[in-house]
Amino acid sequence: MKALISFTYRRAFPHKNKKSIYNIIIGKKTHQTFFDATSLELLSLYGCAPHISFEQFEALVSKPDIRHVDIPTSTHVTYPILQQSFVALQLLIQTLSHAQHQHFQFIPLTSQIDIHQKVKYMYHQIKQHDTLESAKAEIYLLFKMLNDQHANSTAHYYLTGYDETMYTQCQVGQVTEFDDDALTVSHYNDLLMIYELLSDTTQFPILHQCIATFPISHTVKRSLTLLLEGQSVTQIAQQTQRTENTIQDHILELFICNYLTSYTDFLQDHINDFIRFYMQQPYERLRFYKEHFEQLSYFEIKLAIIGIAKGDLHA
């Protein structure tokens with residue numbers, strides 16, 4: 001995990017203090033941390049080391065990093081979502097393998113109930129529509145494309161099925177001669193590539209369903225429902241007895257989590273001037289942008305930055 005943490009620190013340190021970067025790494029559930037991870041284009045590393053202490057983090061980043069590994073990132077998914085999506089894929093493959101041998105009494109590789117329910121539904125759909133061969137073809141295609149794109153892929157070692165046992169990380173290290181850090185980076189690259197490949201519903205109409213969705217709180221979900229009904233920020237704030245700033249925070253979270261995609265509902269036409277300015281001077285403090293664009297609210301500035309980081313807004 002050292003390489004992922006060091007990369008996150010190097011990318012973020014010129015713009016954020018150590019505590020803010022630490023919050024990204026542990027996946028602290030605050031609107032500010034979520035925004036920081038997105039604006040710095042580090043969302044796919046948000047929550048990559050949830051159990052590391054601040055003291056351990058400080059000790060790690062204080063050591064010189066001689067590797068400087070280049071790590072791909074995404075602004076459309078968090079690390080936990082990558083993990084959950086892969087576990088769903090693992091469980092589906094395990095289920096299909098045992099079912100093909102008429103062996104229905106097996107120990108599932110995960111105890112996560114929501115993933116059990118998702119895979120159970122997928123399996124019944126495959127049976128109902130007689131698409132087992134299509135599902136198998138998608139699995140073979142997925143791993144062929146993964147191996148073509150990632151020469152050091154290790155994802156296949158973590159699959160299990162009938163009469164086939166999953167490798168441990170130690171065993172994968174022995175086979176590949178990778179150290180723990182190289183294994184972690186390889187696995188992260190696999191997780192991200194698999195997520196991006198499965199996002200193509202045309203090539204993977206069945207396996208696409210393995211992709212996990214962002215969890216949102218009941219209050220954020222309620223704001224989404226009211227927005228979709230056509231209510232304004234002011235109306236939602238009044239109805240839910242919350243401040244307009246809180247509802248705006250909900251909206252920012254919904255854009256980050258891909259539940260909302262229409263930026264024009266909240267941004268004016270003159271936002272293009274801001275986009276051009278931001279592209280020339282990115283990652284500055286919000287106050288810096290406010291000083292140059294007094295007519296924009298902090299909400300509009302944040303939303304525009306999210307859209308730019310996610311590749312949705314262009315001047």
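This passage walks through the domain layout of a predicted model and then through a few of its packing details.

Start with the overall layout. The domain assignment splits the protein chain into domain 1 (1-62), domain 2 (79-210) and domain 3 (218-310). Between domain 2 and domain 3, the C-alpha centres are 36 Å apart. The UniProt record, an unreviewed entry, puts the feature "domain: Helicase Helix-turn-helix" at residues 219-305. That span is 64% helix and 0% strand, and its end C-alpha atoms sit 24 Å from each other.

Next come two helix pairs. Packed helices of this kind are described by the angle between their axes and the distance between the axes. Helix α1 (residues 2-12) packs on helix α4 (residues 54-62) at an angle of about 80 degrees, and the axes are 10 Å apart. With that angle, α1 counts as roughly perpendicular to α4. On the α1 side, the contact is built from Lys2, Ile5, Ser6 and Tyr9, while α4 brings in Phe57, Leu60 and Val61.

The other pair is helix α3 (residues 31-39) with helix α15 (residues 298-309), whose axes cross at roughly 40 degrees and come within 9 Å. α3 and α15 are therefore oblique to each other. Here Gln32, Phe35, Thr38 and Ser39 of α3 meet Lys302, Ile305, Ile306 and Ala309 of α15.

What does the side chain of aspartate 181 reach? Aspartate 181 belongs to helix α9 (residues 180-198), and its relative accessibility is 13%, so the residue counts as buried. A polar atom of the aspartate 181 side chain lies 2.9 Å from the backbone nitrogen of lysine 2. The aspartate 181 side chain also gets to the backbone nitrogen of alanine 3, at 3.1 Å. Lysine 2 thus turns up twice in this account, since Lys2 is also one of the α1 residues in the contact with α4.

Methionine 122 is another residue worth a look. This one sits in helix α6 (residues 113-128) and is buried, because its relative accessibility is just 2%, against a cut-off of under 20%. Leaving aside residues up to four places away in sequence, methionine 122 touches Leu92, Ile206, Leu207, Gln209 and Cys210. For one of these, isoleucine 206, the C-alpha atom is 7.8 Å from that of methionine 122, although 84 residues separate the two along the chain.

Notes
Residues numbered from 1 in each chain as written. Predicted model: local features only at pLDDT ≥ 70, side-chain atom pairs only at ≥ 80, totals over all residues. Heavy atoms only, no water. UniProt positions renumbered as here; feature names shortened; annotations may be inferred. Helix = DSSP H or I, 4+ residues; strand = E, 2+ residues; numbered from the N terminus. Domains from an automatic or database assignment. Buried < 20%, exposed > 50% of the residue type's maximum accessible area, 1.4 Å probe, protein only. Polar contact = N/O pair within 3.5 Å; in protein donor to acceptor, adjacent residues only side chain to side chain. Axes fitted to C-alpha atoms, helices over the stretch in contact; angles between N-to-C directions. Parallel < 35°, antiparallel > 145°, perpendicular 65-115°, else oblique. Contact = heavy atoms within 4.5 Å.
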